[in-house]
Amino acid sequence: MSEEFLVVGGGISGVACARALVDAGCEVVVRDRGHRLGGRMAVKTLDGRPVDVGASYFTASVPVFQRLVQRWVDIELAHPWTDTFHVGEPGGLVGTRTGPMRYATSLGLRSLVEDLARGLPVDQHHDVEAVEPGPSVDGSPYAGVALAMPGPQALDLLAGSLPQERNASGGVWEPCMSLIATYESRVWPEIDGVFVNNSAVLTFIADDGSRRGDRAPVLVAHAHPLLSASHLDDPDAVTGTMLAELEGVLGITAPPISVAVKRWSLAKSVSPHADHYFLGQSGIGLCGDGWHGPSRIESAYLSGRALGRAMASEGPAAA
Ligand SMILES: Cc1cc2nc3c(=O)[nH]c(=O)nc-3n(C[C@H](O)[C@H](O)[C@H](O)COP(=O)(O)OP(=O)(O)OC[C@H]3O[C@@H](n4cnc5c(N)ncnc54)[C@H](O)[C@@H]3O)c2cc1C
């Protein structure tokens, strides 16, 4: 019987799961199909500068995650960004709203996942195709397998002979298109971020120069889920509409230097499970931000950590 656990998914939930397994003395490998870790805490490099094109920021409400965030702040990987965003409408800014402290990073959110993964065995650029009873992954046996990813991606991997696991995966997820616009200079009012109300085009705008701390003239705007769903296959058709809405909210009249769109077909879970994770008798577990939502970074971290601890205490699955 294999003594090694496999975590499929190198986003924050997978890395948290693997870290918990290692901390409990287990052997583990993290496998991801991407060329970098981080998943939806994704970074695009533009002119040598990182831009967050997936998640915008994170909050920390639970002590165990707050302690990790404090460590990231202490080593200057993360910093408190703001507790106040503007509120906007298609015609302009209409006010502000204060909430919890939002944290950001200077190197991009992915740097946090890479920090958490330090020292873990990682197998990148490796697309997993099938998870079967045993558990086995693409024909190789493991002591246990964690699928740390959106439910529909997990469902695609699970063999038909795993009905419980298939039943616990899937779910309803919404897409998102992120518009990245760079400018010659900061031709908009002082903002950190903007919640966009009464718009069928945008939901949120982040000032990337503000959250990164370098004041670069870069904005990232998230499209409304319905607009994203209807144009995921053809983002070019709505890039102009998104840009016009961004300019309307912020009163921008100067043209951008560059505009790009990043598509997320599974951005956020619409109806997260109440539990923190699933772990079947098969030794196959499911975790991520589709568990014990809302669908965000803190939930994903807590879900992965909880699954890793549970798998370690259950021990290797009896094949
Ligand atoms: C546009 C957008 C905006 C967001 N805004 C925020 C925000 O402001 N604040 C916040 O807290 N959260 C936000 N989120 C949500 C946040 O990004 C997620 O909650 C969190 O990153 C989920 O982490 P995860 O590890 O569960 O999943 P993911 O980050 O999706 O990681 C899953 C990993 O699994 C890998 N994978 C999938 N299938 C396979 C396979 N077959 N083989 C190998 N590898 C595979 C993928 O490559 C990926 O790296 C946002 C997300 C998006 C997309």
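## Exercises on a predicted model

Phe5 has Gly144 in β11 as its bridge partner. Keep that pair in view as you work through this predicted model.

**Exercise 1.** Find how β1 and β11 pair, and place both strands in their sheet.

*Solution.* Start with the pairing: β1 (residues 4-8) and β11 (residues 144-148) run parallel, joined over four bridges. Next, read the sheet across: the order is β7-β2-β1-β11-β18-β17, an open sheet of six strands with mixed pairing. Finally, look at the edges: β7 (122-123) and β17 (278-279) each have a single partner strand, so one side of each has no neighbour in the sheet.

**Exercise 2.** Work out which strands α1 and α9 touch, and at what angles they run.

*Solution.* Take α1 to begin with: this helix lies across β1, β2 (27-31), β11 and β18 (284-287), at about 170° to β2. Then turn to α9, which packs on the sheet against β1, β11, β17 and β18 and makes about 160° with the direction of β18.

**Exercise 3.** Describe the shell around the ligand by residue, element and domain.

*Solution.* Of the 38 residues around the ligand, the nearest are Gly9, Gly11, Gly39, Gly288 and Arg296. By character, the shell splits into 16 nonpolar, 14 polar and eight charged residues. Elements giving at least two residues each include α1 (12-23), β12 (173-182) and α9 (297-314). Domain 1 and domain 2 each contribute at least three residues.

**Exercise 4.** Check the length of α2 against its expected span.

*Solution.* Helix α2 (residues 63-74) has 12 residues, and at 1.5 Å a residue it should span 16 Å. Its end C-alpha atoms lie 16 Å apart, which agrees. Just after α2, Glu76 adopts a positive phi of about 65°.

Note on methods: Residues numbered from 1 in each chain as written. Predicted model: local features only at pLDDT ≥ 70, side-chain atom pairs only at ≥ 80, totals over all residues. Near = placed C-beta within 6 Å. Nonpolar A, V, L, I, M, F, W, Y, C, P; charged D, E, K, R; others polar. Domains from an automatic or database assignment. Expected span 1.5 Å × (residues − 1). Pairing = 2+ DSSP bridges. Contact = placed C-beta atoms within 7 Å. Axes fitted to C-alpha atoms, helices over the stretch in contact; angles between N-to-C directions.
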